[in-house]
Amino acid sequence: MIIHKEGDKSKAICERCKEIVPVTFRYAPFMAQGLKVPEVMQGFCDKCGDSVSLPHQSTYRIREYRESHNRPVEFRVPPHFTDILLTIGNMHKVSQKPNLLCRLLSELYLSKISLPGGSRIQKQIVLALTEDIAGGKSKDRLSCVFPDNAYATLKTVSSAEHKTTSDIVRGIIVTAKHDILDKRNRSISKEFEELAAAKL
Ligand SMILES: [Zn+2]
């Protein structure tokens, strides 16, 4: 795979000059879906200075930037949900930040839902909302920034189940409590630790 460095030369079609032009690669701001991403490698037309090509390496940088700038999703939960998150975090020595733990657990379960056979887990999460432990006054606030794919799954599931995204996340926390704290499900714990290691 070609990785360009600043100053590399190539050729590309320039729409403004309407011809094949020599281009020079350098880092500059790039507009991606309304978001200005700083320092993105692009090829610039040597004649008019327009940005005319975006090398493959830049797609990852743009995605990483976009995902890290996704708006946080706010959830209100009963305080014992925060205790569940902290207990799970402490058990795995992952983190003691409720927001981060909520995001990691949600990502884990949302990725399971999007796999074949994931509808079973989806039902389990929705059913968890009817349990006694799912109740209580929502006095704590959680704020999670999800990667694009996890957020898309969260939206899809909540509209399919006629629930709010907040409901689904609450269902995930109760399901995680059963899997990890009650059943001591080792494979879920291992997946959670691996995800945390990859993301932290
Ligand atoms: Zn040009």
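## Glu74 in strand E5

Glu74 is partly exposed, with a relative accessible area of 44%. That value sits between the 20% that bounds buried residues and the 50% that bounds exposed ones, so the label is partly exposed. This is a predicted model.

Glu74 belongs to strand E5, which spans residues 73–77. Which residues does Glu74 touch, leaving aside those up to four places away in sequence? They are Arg141, Leu142 and Ser143. Ser119 makes a useful reference point for Glu74. The two are 45 residues apart in sequence, and their C-alpha atoms are 25 Å apart in space.

## The zinc site

Which residues coordinate the zinc ion? Cys14, Cys17, Cys45 and Cys48 do, each through its SG atom. The distances run from 2.3 to 2.4 Å. The angles among the four donor atoms are 104 to 116°. The site is tetrahedral, because four donors earn that name when all angles lie between 85 and 135 degrees.

Now look at the sequence. The donor residues follow the spacing C-x2-C-x27-C-x2-C. Cys17 lies in the loop between strand E1 (9–14) and strand E2 (19–32), while Cys45 is in strand E3 (residues 35–45). The pair therefore ties together parts that are 28 residues apart in sequence.

Are Cys17 and Cys45 buried or partly exposed? Cys17 is partly exposed, at 23% relative accessible area. Cys45 is buried, at 4%.

## Helices H3 and H4

Two packed helices are described by the angle between their axes and the distance between the axes. Take helix H3 (residues 98–113) and helix H4 (residues 118–128). Their axes come within 7 Å and cross at roughly 130°. That makes H3 oblique to H4.

Tyr109, Lys112 and Ile113 are the H3 residues in this contact. On the H4 side they meet Gly118, Ile121, Gln122 and Ile125. By class, the contact has four nonpolar, two polar and one charged residues.

## Helices H5 and H6

H5 and H6 pack at an angle of about 100°. Their axes are 8 Å apart. H5 is thus roughly perpendicular to H6, since angles of 65 to 115 degrees get that label.

Which residues of H5 and H6 make the contact? H5 supplies Leu154, Lys155, Val157 and Ser158. H6 supplies Thr165, Ile168 and Val169. By class, these comprise four nonpolar, two polar and one charged residues.

## Two positive phi values

Most residues other than glycine have a negative phi. Glu39 has a phi near 55°, a positive value in a residue other than glycine. Glu39 lies in strand E3. Glu39 is partly exposed, with a relative accessible area of 45%.

His162 also has a positive phi, near 55°. Where is His162? It is in the loop between helix H5 (148–160) and helix H6 (165–182). His162 is exposed, with a relative accessible area of 73%. Residues over 50% count as exposed, so His162 earns the label.

## Ser189 in helix H7

Ser189 is part of helix H7 (residues 186–199). Is Ser189 buried or exposed? Its relative accessibility is 14%. The limit for buried is under 20%, so Ser189 counts as buried. Ser189 touches His92 and Ile180, not counting residues up to four places away in sequence.

Methods
Residues numbered from 1 in each chain as written. Predicted model: local features only at pLDDT ≥ 70, side-chain atom pairs only at ≥ 80, totals over all residues. Heavy atoms only, no water. Donors = N, O, S within 2.8 Å, 3.2 Å for Na, K, Ca; no water. Tetrahedral: all angles 85-135°; square planar, octahedral: opposite > 155°, others 65-115°. Helix = DSSP H or I, 4+ residues; strand = E, 2+ residues; numbered from the N terminus. Buried < 20%, exposed > 50% of the residue type's maximum accessible area, 1.4 Å probe, protein only. Axes fitted to C-alpha atoms, helices over the stretch in contact; angles between N-to-C directions. Parallel < 35°, antiparallel > 145°, perpendicular 65-115°, else oblique. Contact = heavy atoms within 4.5 Å. Nonpolar A, V, L, I, M, F, W, Y, C, P; charged D, E, K, R; others polar.
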